[in-house]
Amino acid sequence: MATITECRGALDRLSDNLARADGDVRGAAAFDRTLSCHITDLDTTFTGRLADGRIEVADTVPGPPRAKAQIRLAMSGDDLVAMVGGELKFAKAWASGRVRLEAGFRDLIRLRSLL
């Protein structure tokens, strides 16, 4: 099972990947939204923002998200680490229910090129 430190590291790597992206991916990530990522097996939530093509983690809190972020993810720590490491495709994880993504319709349309 992935640790909180490994999950935070995966989010930092994802942020770095988004910052280095170009084209459609960079454009899709270049908006300002609140973000939460609930790690279900650790019952821990990372909160912050997706802004200027980077994920800025502001806090780590126990349990589910306390406030409703504009973009909400939920998954196991192992799945987060595997997705960022390229071992698990988001579409497959989402289709099988291993990853949950909730956002407004317009945000989902913009995020589709990231996923």
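Modeller: A polar contact is a pair of N or O atoms within 3.5 Å, where one must be able to donate a hydrogen and the other to accept it. Keep that in mind for this predicted model.

Colleague: What makes the backbone oxygen of alanine 69 and the side chain of arginine 72 a polar contact?

Modeller: The distance from that oxygen of alanine 69 to a polar atom of the arginine 72 side chain is 2.4 Å. The cut-off is 3.5 Å, so the pair counts as a polar contact.

Colleague: How do you know whether arginine 72 is buried or exposed?

Modeller: Its relative accessible area is 16%. Buried means under 20%, so arginine 72 is buried. Arginine 72 is found in strand S4, and the residues it touches include Ser36, Arg100 and Glu102.

Colleague: Why is S4 called largely enclosed?

Modeller: Because four of its five residues are buried, the rest of the structure largely encloses S4.

Colleague: Which strands does S4 pair with, and what makes them pairs?

Modeller: Two strands pair if there are at least two bridges between them. S1 and S4 have five bridges, in the parallel sense, while four bridges join S4 to S5, which run antiparallel. Both counts reach the cut-off, so both are pairs. As for who faces whom, isoleucine 39 stands opposite methionine 75 in S4, and leucine 73 is opposite leucine 101 in S5.

Colleague: Why is the pairing in the sheet called mixed?

Modeller: The five strands form an open sheet, in the order S3-S2-S1-S4-S5. S1 and S4 are parallel, but S2 and S3 pair in the antiparallel sense over eight bridges. In that antiparallel pair, threonine 47 stands opposite aspartate 59 in S3.

Colleague: What makes S3 and S5 edge strands?

Modeller: Strand S3 (54–62) and strand S5 (100–103) each pair on one side only.

Colleague: How do you know that the span of H1 agrees with the expected one?

Modeller: H1 has 17 residues, which at 1.5 Å a residue should span 24 Å; its end C-alpha atoms are 24 Å apart, so the two agree. Among the buried residues of H1 are Cys7, Ala10 and Leu18.

Colleague: Which helix should I read with care, going by mean pLDDT?

Modeller: Helix H2 (residues 23–29), with the lowest mean pLDDT among the elements, 62, whereas H3 has the highest, 97. Where pLDDT is low, the predicted coordinates should not be read in detail. For the chain, the mean is 90.

Conventions. Residues are numbered from 1 along each chain as its sequence is written. This is a predicted model: local features need pLDDT of at least 70, side-chain atom pairs count only at pLDDT 80 or more; totals for chains, interfaces and linings use all residues. Side-chain values use heavy atoms; hydrogens and water are left out. Helices (H or I, at least four residues) and strands (E, at least two) are DSSP runs, numbered from the N terminus. pLDDT is the predictor's confidence in each residue, from 0 to 100. The expected span of a helix is 1.5 Å times one less than its number of residues. Buried means under 20% relative accessible area, exposed over 50%, partly exposed in between (1.4 Å probe, protein chains only). Contact means heavy atoms within 4.5 Å. Lists of a residue's contacts leave out its neighbours within four places in sequence.
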